[in-house]
Amino acid sequence: GPQYEKLLAKLGVNVCKDMLYHFPRRYLDRSTFTPVAEVQSGRAVNVVADVVDVQSRKSPQRKLVLTEALLKDESGAIRAIWFNQPYVAQNLRNRRDVAFFGRAVWES
């Protein structure tokens with residue numbers, strides 16, 4: 001539609017040939033998985049783990065819903081947090097071998 005056409009024009013995509021030569025700015029390799037024990041802070045990681053526990057709660061400071069899950073594989077356990085996505089708790093409860101992708105950040 002017209003709105004999408006405007007967005008493409010901002011990217012310099014005006015004809016079909018432009019679309020063929022329009023490459024992404026970055027590429028995230030999600031084909032390799034990192035064991036939980038080898039996750040490093042500040043890095044984007046792809047982990048396959050079992051969901052041990054999932055809970056949702058409201059943040060005391062802001063009007064946010066925090067969904068926390070304890071993820072565990074054979075090498076260790078890690079906690080994942082989603083902001084304002086309470087439906088995640090229902091979808092993840094008692095799941096095994098689920099792939100998770102995100103940036104790891106250690107809390108101080």
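A residue counts as buried when its relative accessible area is under 20%, as exposed when it is over 50%, and as partly exposed in between. That wording will help with several of the views below, which come from a predicted model.

**The sheet: four strands in the order β3-β2-β1-β4.**
Welcome to the sheet, a good place to get your bearings. The 4 strands form an open sheet, and their pairing is antiparallel. Which strands form the edges? They are β3 and β4, each of which has a pairing partner on one side only. Look at how the strands cross as you move over the sheet: neighbours are turned by 50 degrees against each other on average, with direction ignored.

**The β1–β2 hairpin: antiparallel strands with 6 residues between them.**
Here, β1 and β2 make a hairpin, and 6 residues lie between the two strands. How many bridges join β1 to β2? There are 8, and the strands run antiparallel. To find one rung of this ladder, pick out Val-51 and then its bridge partner in β2, Leu-71.

**The β2–β3 hairpin: a connection through 2 residues.**
Now follow the chain from β2 into β3, where a hairpin makes the join through 2 residues. Strand β2 covers residues 65–73, and its antiparallel pairing with β3 runs over 8 bridges. Three facing pairs make handy landmarks here. Leu-66 has Phe-83 of β3 as its bridge partner, Thr-67 stands opposite Trp-82 of β3, and Leu-71 faces Ile-78 of β3. Leu-71 is worth remembering, as this residue is also the β2 partner of Val-51.

**The nonpolar core: 18 residues in the largest such group.**
This close-up gathers the residues of the largest nonpolar core. Which of them have the most contacts inside the core? They are Val-51, Leu-71, Trp-82, Leu-92 and Phe-100. You have already met some of these names: Val-51 and Leu-71 are bridge partners, while Trp-82 stands opposite Thr-67. Strands β1, β2, β3 and β4 each give two or more residues to the core, and so does helix α3 (87–92). The contribution of β1 is the greatest, at 5 residues.

**The largest pocket: a space of about 620 Å³.**
A total of 18 residues line this pocket. To find its centre, look for Arg-79, Ala-80, Ile-81, Arg-103 and Ala-104, the lining residues that lie nearest to that point. Among the elements, β1 (44–58), β3 (76–83) and β4 (98–103) each supply two or more lining residues. Which element supplies the largest share? It is β3, with 6 residues. By class, the lining has 14 nonpolar residues, 1 polar residue and 3 charged ones.

**The second largest pocket: about 170 Å³ of space.**
Among the residues around this pocket are Leu-28, Asp-29, Thr-32 and Thr-34, along with Arg-43, Ala-44, Val-45 and Asn-46. Phe-101 also belongs to the lining. The largest share comes from β1, which gives 3 residues. What mix of classes do we find here? There are 5 nonpolar, 4 polar and 3 charged residues.

**Arg-57 and Asn-84: two residues 9.9 Å apart in space, C-alpha to C-alpha.**
Arg-57 sits in strand β1, while Asn-84 belongs to the loop between β3 and α3. Along the sequence, the two are 27 residues apart. Why is Arg-57 called partly exposed? Its relative accessibility is 41%, so Arg-57 falls in the range between 20% and 50%. Asn-84 is partly exposed too, because its relative accessible area is 43%.

**Two loop asparagines: Asn-84 and Asn-94 with positive phi values.**
Most residues other than glycine have a negative phi. Against that background, Asn-84 is worth a look, with a phi near 55 degrees. Asn-94 also has a positive phi, near 60 degrees. Where does Asn-94 lie? You will find Asn-94 in the loop between α3 and β4. Asn-94 counts as exposed because its relative accessibility is 65%, which is over 50%.

Conventions
Residues are numbered from 1 along each chain as its sequence is written. This is a predicted model: local features need pLDDT of at least 70, side-chain atom pairs count only at pLDDT 80 or more; totals for chains, interfaces and linings use all residues. Side-chain values use heavy atoms; hydrogens and water are left out. On a 1 Å grid over the protein atoms alone, a cavity is a set of points where a 1.4 Å probe fits but cannot get out, and a pocket is an open set with protein on both sides within 12 Å along at least five of seven lines; lining residues have an atom within 4 Å of a point. Grid points are joined across faces, edges and corners, and a volume is the space filled by probe spheres set on the points. Ala, Val, Leu, Ile, Met, Phe, Trp, Tyr, Cys and Pro count as nonpolar, Asp, Glu, Lys and Arg as charged, and the others, Gly among them, as polar. Two strands pair if DSSP finds at least two bridges between them. Axes are lines fitted to C-alpha atoms, for helices over the stretch in contact, and angles run from 0 to 180 degrees between N-to-C directions. A nonpolar core is a set of buried Ala, Val, Leu, Ile, Met, Phe, Trp, Tyr and Cys residues joined through side-chain atoms within 4.5 Å. Buried means under 20% relative accessible area, exposed over 50%, partly exposed in between (1.4 Å probe, protein chains only).
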